[in-house]
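Hello, and thanks for sharing this one. Here are some notes to read alongside the coordinates, starting inside the protein and working towards the sheet.

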Amino acid sequence: MCAAIHPAGGRSNATSDPHIAELGKLMLASAAQLGDAMADLLCREIDVYRDGTVITKDDVRDSCVANLTYVFDSLVGHDVDVAPAERTGTTRAVAGVPLPAVMTAYRIGFRFMWEQTLATARAATISTEAILDATARIFLAQETFTQAMASAYRQQLTTQILEREEERSALVEALLLGRITDTHSLWEVADVLRLPTSGPYVVVAAQLPAIGKLGLPTIENKLSARDIRSAWRLLPDLQVGIVHLRGPRPLDTRSALVEVLEQSATARVGVSQPYRELAETYDGLRFARLAVTEKPPGDSLVSVFDDTPLAVAAVSAPDVMAKIRASVIGRLDTLPAEERSTLLETFQAWLQAGGSANDTAAKIYCHPNTVRHRLHRIERLTGRSLSRPNDLAELRLAFEVQKRLP
């Protein structure tokens, strides 16, 4: 940062009282000794400075001398700047010293400085009026120096946060693309992402409603408020997160997750099936992507991937499954879209009704004979019989593929 010269340290009328200038010179002469004494005081009073592991005593002393010199230079009338305060703020942020601890150190240090200056002024029989003027300048210097330190601290902290978030985002992407598989590396990744090292996890994928718009704004903070840990990455077409399902009842956590997603979503959202290891995140993303393309229940924007064996099988090998679908129910593609949709809906309802035409009719609001007629049409078009277990299994798988694969 460039040096910022403070008016109190400028040459113009800053030392109109020669007694203040003389006081400044006296204090500058003892700045080194006072810096040692101030460092001893701070290392006794401030916990984070006490054992010297976070910030060494030499570093504390150097900062104290710089602070003292700044203030005493302003009394003498020398040109001064706040660069030492900015360096202190930056180094303390890098070292991880909490800002309140640094502010406390400044408060204690400047009080020590003022007391020593006052004692020196009295010993030199400087007038009360000059002492009051000097005190005002010391407090003004304290405010300027402290603000410069705090501003540099916050700027460095912001830089560190952005760097950490960039690292977290890159690691999330590496997991999503299956680039990290080594167990030790996965543990390290989990630590950086602030996720537990073992699942269950789910992947959440949200469509982007527009360029520069998130489908799930501030979602990490909202989940954190519910004690649900997550890490997120913005892909070209999706906002994607890895979410840990905490606690002894992961399904309850997933329900809480879906509740938060439904409250936050501004676009379609898909949730994968749960998985145990971070190395499986790549598959989780595939399932979450598929869930995004599904029609959500009711008015919700959130679809949870069905983790039944049949649903998993339908999407596990997309190329193979697409061929199976084409060979089993490909002739349905020749039908008009509305008619094909009616047959698919009837078949799914019939399965959910346990094979009962009457229950299916009640479910989709038509006559049982209409249900039977539609089922017979499916049998004729596919060459499969609903009464033969093998044929029914092939139809179920083919229709599941039809439902899930784009």
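1. The second largest cavity is lined by L23, W114, T117, L118, A121, I131, A134, T135 and I138. Cavities here are sets of points on a 1 Å grid over the protein atoms alone where a 1.4 Å probe fits but cannot get out, and lining residues have an atom within 4 Å of a point. By class, seven of these lining residues are nonpolar, two are polar and none is charged. The classes put Ala, Val, Leu, Ile, Met, Phe, Trp, Tyr, Cys and Pro under nonpolar, Asp, Glu, Lys and Arg under charged, and the others, Gly among them, under polar.

2. A word on provenance: this is a predicted model, in which local features need pLDDT of at least 70 and side-chain atom pairs count only at pLDDT 80 or more, while totals for chains, interfaces and linings use all residues. Residues are numbered from 1 along each chain as its sequence is written, and side-chain values use heavy atoms, with hydrogens and water left out.

3. The second largest cavity holds about 40 Å³ of space, a volume being the space filled by probe spheres set on grid points that are joined across faces, edges and corners. Both α6 and α7 (128-176) supply at least two residues of its lining. Helices (H or I, at least four residues) and strands (E, at least two) are DSSP runs, numbered from the N terminus.

4. One lining residue, I131, deserves a closer look; its place is in helix α7. Is I131 buried or exposed? I131 counts as buried because its relative accessibility is 13%, where buried means under 20% relative accessible area, exposed over 50% and partly exposed in between (1.4 Å probe, protein chains only). Leaving aside neighbours within four places in sequence, I131 is in contact (heavy atoms within 4.5 Å) with L118, A121, R122 and I126. A121 sits ten residues from I131 along the chain, and their C-alpha atoms are separated by 6.8 Å.

5. How many cavities of 30 Å³ or more does a search of the whole structure find? The search finds two, and the largest has about 120 Å³ of space. Its lining comprises 15 residues, with L42, S63, N67, A105 and Y106 lying nearest the centre. Each of α2 (31-45), α4 (57-76), α5 (83-95) and α6 (99-123) supplies at least two lining residues, and α6 gives the most, with six. Ten of the lining residues are nonpolar, four are polar and one is charged.

6. Turning to the sheet, five strands form an open sheet in the order β2-β3-β1-β4-β5, with mixed pairing; two strands pair if DSSP finds at least two bridges between them. At the edges are β2 (230-234) and β5 (302-304), each pairing on one side only. From one strand to the next, the twist averages 15°. An antiparallel pairing over five bridges joins β2 and β3 (residues 238-244), and S230 stands opposite V243 in β3.

7. Helix α10 (residues 250-264) packs on this sheet and touches β1 (201-207), β3, β4 (269-271) and β5, its direction making about 155° with that of β5. Helix α11 (residues 281-293) also packs on the sheet, touching β1, β3, β4 and β5, and its direction makes about 40° with that of β1. Axes are lines fitted to C-alpha atoms, for helices over the stretch in contact, and angles run from 0 to 180 degrees between N-to-C directions.

8. For the overall picture, the protein has 17 helices and five strands, and 46% of its 406 residues count as buried.

Technical notes: On a 1 Å grid over the protein atoms alone, a cavity is a set of points where a 1.4 Å probe fits but cannot get out, and a pocket is an open set with protein on both sides within 12 Å along at least five of seven lines; lining residues have an atom within 4 Å of a point.
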